[in-house]
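Here are my notes on the structure you sent, as numbered points. Please read them with the coordinates open.

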Amino acid sequence: MAMWFARSRNLVSSLRQNLGLSAILIKRNHSSPRPVFTNYELSSKVFLDPSTSFRHESTAVESQPDLVQQSDHEDDAQELDFPGGKVGYTSEMKFIPESSSRRIPCYRVLNEHGKIISDSDFIPVSEKLAVRMYEQMATLQVMDHIFYEAQRQGRISFYLTSVGEEAINIASAAALSPEDVVLPQYREPGVLLWRGFTLEEFANQCFGNKADYGKGRQMPIHYGSNQHNYFTVSSPIATQLPQAAGVGYALKMEKKNACAVTFIGDGGTSEGDFHAGLNFAAVMEAPVVFICRNNGWAISTHISEQFRSDGIVVKGQAYGIRSIRVDGNDALAVYSAVRSAREMAVTEQRPVLIEAMTYRVGHHSTSDDSTKYREADEIQYWKMSRNPVNRFKKWVQDNGWWSEEDESKLRSSTRKQLLQAIQAAEKWEKQPLTELFNDVYDVKTKNLEEQEVGLKALVEKQPQDYPTGFHI
Amino acid sequence: MASLLGRFCRKLVVPGSAHGSRMISTTACDSEAVKSLNLYSAINQALHIALETDPRSYVFGEDVGFGGVFRCTTGLAERFGKNRVFNTPLCEQGIVGFGIGLAAMGNRAVVEIQFADYIYPAFDQIVNEAAKFRYRSGNQFNCGGLTIRAPYGAVGHGGHYHSQSPEAFFCHVPGIKVVIPRSPREAKGLLLSSIRDPNPVVFFEPKWLYRQAVEEVPEHDYMIPLSQAEVIREGNDITLVGWGAQLTVMEQACLDAEKEGISCELIDLKTLLPWDKETVEASVKKTGRLLISHEAPVTGGFGAEISATILERCFLKLEAPVSRVCGLDTPFPLVFEPFYMPTKNKASSSSSLSSPLKKKHYLIMGLHVWCRYWMQSSPLLITSHSICFFR
């Protein structure tokens, strides 16, 4: 053993003498770099069909203060490969700060007085489009008000409003194409409204009557319409995000000129499905637009109790996703941002993240009284001074495209239409009892058939114990 | 073990037996080509066929690209391309959620969860989303094209997190189907049925059998119907019900019981949700006894559902309480695995199979007690079927 050691020691010392210590160190060869593909390059070779590549140079991404600050001590010569690709070394031990020195700024076009800020980037909106957008925002307001009251009167069991978020709802919908598949959370009925869902159809779902496409199976506001490419709302938070990645991938495979668009609140970004959804969309290079409505509250949980990051926009980069923060109460900014994001998603086949800053003026739902956990002054401020509908109205009016007469006509006719829709929906027949058992599977199974027979017999025997109106 | 398995796994030629005959499979004709395959190869074949026959089908999950940790996805990526067969990030909720999205757009998504022990992060997506997708939308949307495959069950050295049998959790979820094959030939047919079934299916594969089970598997495209149990061994004295790898154990128990003159009828349930009650009911009405066996812990296991249902339907025909020979109510242990498992000895010594009193004996006992009660003029009608009182 000792002889072996002595021999190896001699070997090393002779090496050192002959070749110098440098021979033992591994040196980076500048002249012929070993070809190493980054994961990104590998995957782009794999996932894109070269013959029908959608890639092209996107518009320049606005430079943002880097979270990673360049070090003066970075030593270029010391750069080595790791599985993720080449990374430079530094001898300076420096931690990336937990947040940037300044917050990511918020993109907006209209100031609070409804005037376009000079030199803003934005996609122009025609009179026709602008008027339609405004009408729909006002309609959404009236709809929310009337349905909320209907719940208070006990005519429907539940409701939740989108008050304060009308710009996000309508402007984002206006920026999309009808083929884009929408996977909502639950505070985006304006998207469905824009696409042509009628007030009657909304009312039918809230009443769960025979005309409800959902067949009365879910609580109010759980709208869905395959005709309008709007996936049915489900109560669990953020579950739609990884599904949106799958939908986007399906569209990618079909080479459709369409993308998946999915919405989430600030609270929902804490769910594991947010991480799953963004990561999958990025890795799969799926055309998905993730729109986060950061409205400051998740029921009673303020965003200061939800995360410690600078909102949601900074999380995009963590997944390799291009992101933007936009003023969610500025309809023109939302329109431009969503329109651009959609184009990027489809032409570059990549996900994009939009954080739309806004405020939830209403209570979380009819089961909530938000004055219990926030100041009434705060609510009032946002309702009056930061109202997205008023802000856009000013701009539309300033252009001469809208008058007070139009306003009162619209509001009164919409109100009337809604009241009629509610009255009609209330009177509609209920669903036949057999719909309790359908659609669990594509075809009713034996155990369900047996249970249906048993239930029908029971209801016929003791009708007084059951609500009326359900055709057996 | 191999020879026993060889006897258990059905071949096209059925050996004559004095104590009950085997059911011949109707899935392959003599003229069709067959190949001797193990379970992972049979599953691999099914996946090749599924992707071949539907260009809108996809296979993905952790590590499926190179063939998968159990080699079930070998050759798929090379043959069908990385757009259709690909690795995913390590995130089960993402895998299933992504699969739901793909399926909702009309595609077939055959997703792999690496071990059934890791399926729980996807439980929300499976229960709250996949299972309810069609129902909650009023049939406007569905994710029937989703099939979730996961290896389950004891493997000899798996411990807590490579041996679980979580089927019971999923059997409690209306809207999905739960399918568990017992052998290579069954697996191929059942997997193709599951993939093509217009409902989301959770398909548990007994990992113990991936290499161990070898069977003649027809090479063509065939499907075995879901929700149809199969009597794989006929008998008259007792019905045994099981699924997956446990059937090999139960087959052994049947052979042992045969030596004692007990004729056992063995049923492979195949689909646990929705399950074929009629086949089990007909069998128990014939035999009067039921023994259910599964690896999963006995409390709250799927055996309880079968037991309750059979009691409801066959109470008057039962000669003994329903037996459940199952795993213990512990996390799946490592060094204690041989003690935990529901072995053939446990089955043989269970109350249903061991010392089965003859029917005649019970009848005499019943009559005796009836007479005594009658004489005490408290008319308590006890028939020869109320044997449980006398055990």
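1. Chain A has 14 helices and 9 strands. The model is predicted, and every point below should be read with that in mind.

2. Chain A comprises 472 residues, of which 47% count as buried. Its exposed surface comes to about 23900 Å², and carbon and sulfur atoms supply 54% of that area. Among the contacts in chain A with a sequence separation of 6 or more, 72% are between residues 24 or more positions apart.

3. The domain assignment of chain A gives two entries: domain 1 covers 127–427 and domain 2 covers 433–465. Taken over C-alpha atoms, the centres of domain 1 and domain 2 of chain A are separated by 36 Å.

4. Which residues touch the most other members of the largest nonpolar core? They are B:Leu269 and B:Ile306, in a core of 91 residues. Chain A takes part as well: domain 1 (127–427) and domain 2 (433–465) of chain A each contribute at least three residues to this core.

5. The surroundings of B:Ile306 can be listed. Leaving out residues up to four places away in sequence, B:Ile306 touches B:Trp243 and B:Trp275, together with B:Val241, B:Leu269, B:Leu290 and B:Ile292. B:Leu269 is thus both a contact of B:Ile306 and one of the two residues that touch the most other core members.

6. There is also a second, separate core, with 76 residues. Its members include A:Phe207, A:Phe263, A:Ala333 and A:Val334.

7. Chain B contains an open sheet of 7 strands with mixed pairing, in the order S3-S2-S4-S5-S7-S6-S12. Why do two of these strands have a side without a neighbour in the sheet? Strand S3 (85–87) and strand S12 (271–273) of chain B are at the edges and have a single partner strand each, so one side of each is left unpaired in the sheet. From one strand to the next, the twist averages 20°.

8. At the S12 edge of the chain B sheet, the partner is strand S6 (residues 177–179). S6 and S12 of chain B pair in the antiparallel sense over 2 bridges. Within this pair, B:Val179 stands opposite B:Thr271 of S12(B).

9. Helix H2 of chain B, residues 39–53, lies across five strands of that chain: S2 (57–61), S3, S4 (108–112), S5 (146–152) and S7 (201–206). The helix runs at about 140° to S2(B).

Key. Residues are numbered from 1 along each chain as its sequence is written. Chains are lettered from A and ligands numbered from 1 in the order in which they are written. This is a predicted model: local features need pLDDT of at least 70, side-chain atom pairs count only at pLDDT 80 or more; totals for chains, interfaces and linings use all residues. Side-chain values use heavy atoms; hydrogens and water are left out. A nonpolar core is a set of buried Ala, Val, Leu, Ile, Met, Phe, Trp, Tyr and Cys residues joined through side-chain atoms within 4.5 Å. Buried means under 20% relative accessible area, exposed over 50%, partly exposed in between (1.4 Å probe, protein chains only). Domain bounds come from an automatic or database domain assignment. Contact means heavy atoms within 4.5 Å. Two strands pair if DSSP finds at least two bridges between them. Helices (H or I, at least four residues) and strands (E, at least two) are DSSP runs, numbered from the N terminus. Axes are lines fitted to C-alpha atoms, for helices over the stretch in contact, and angles run from 0 to 180 degrees between N-to-C directions. Accessible areas come from the Shrake-Rupley method with a 1.4 Å probe; for residues, only the protein chains shown count as cover.
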